[in-house]
Amino acid sequence: MPKFKKKRCCRYLDSDKIFKPLGITFSELEIIEIFIDEFEAIRLCDYEKLNQIEAAERMNISRATIQRLLESGRHKIIKAFLNDKAIKINNKC
């Protein structure tokens with residue numbers, strides 16, 4: 001039975017965002033989906049330069065969860081860059 005997922009405080013995006021490599025038509029691309037909580041963790045730690053404890057407090061989750069979100073989100077981004085795949089930021093938590 002799945003564990004209850006704690007509500008995470010994430011920045012609201014007005015719609016899903018998609019980024020793709022140039023020169024490849026969208027219909028030919030595989031899409032890698034990054035969830036909004038992964039994106040928010042990356043934004044807080046890498047863009048706003050907060051440490052993991054501060055980011056966890058902002059998102060109302062544990063530091064260990066921030067670490068897992070960072071690892072997962074960063075892996076997806078690098079995988080997309082290295083393998084010419086599209087990145088979709090899913091606005092749903």
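**Exercise 1.** Which residue follows helix 2, and what is the sign of its phi?

Solution. This is a predicted model, in which local features need pLDDT of at least 70, side-chain atom pairs count only at pLDDT 80 or more, and totals for chains, interfaces and linings use all residues. Residues are numbered from 1 along each chain as its sequence is written, and side-chain values use heavy atoms, with hydrogens and water left out. Helices (H or I, at least four residues) and strands (E, at least two) are DSSP runs, numbered from the N terminus. Helix 2 covers residues 52-59. After helix 2 comes N60, with a positive phi near 65°.

**Exercise 2.** Find the buried residues of helix 2 and state how they are arranged.

Solution. Buried means under 20% relative accessible area, exposed over 50%, and partly exposed in between (1.4 Å probe, protein chains only). In helix 2, A55, A56 and M59 are buried. Seen down the helix axis, they fall within an arc of 100° and so line one face of helix 2; the arc is that of the directions from the helix axis to the C-beta atoms. I53 and E57, on the other side of helix 2, are exposed.

**Exercise 3.** Describe how helix 1 (36-47) is placed.

Solution. Helix 1 is largely enclosed by the rest of the structure, because 9 of its 12 residues are buried. Among them are I36, D37 and C45. Their cover includes strand 2, helix 2, helix 3 and strand 3 (86-90), where contact means heavy atoms within 4.5 Å. Just after helix 1, K49 has a positive phi of about 60°.
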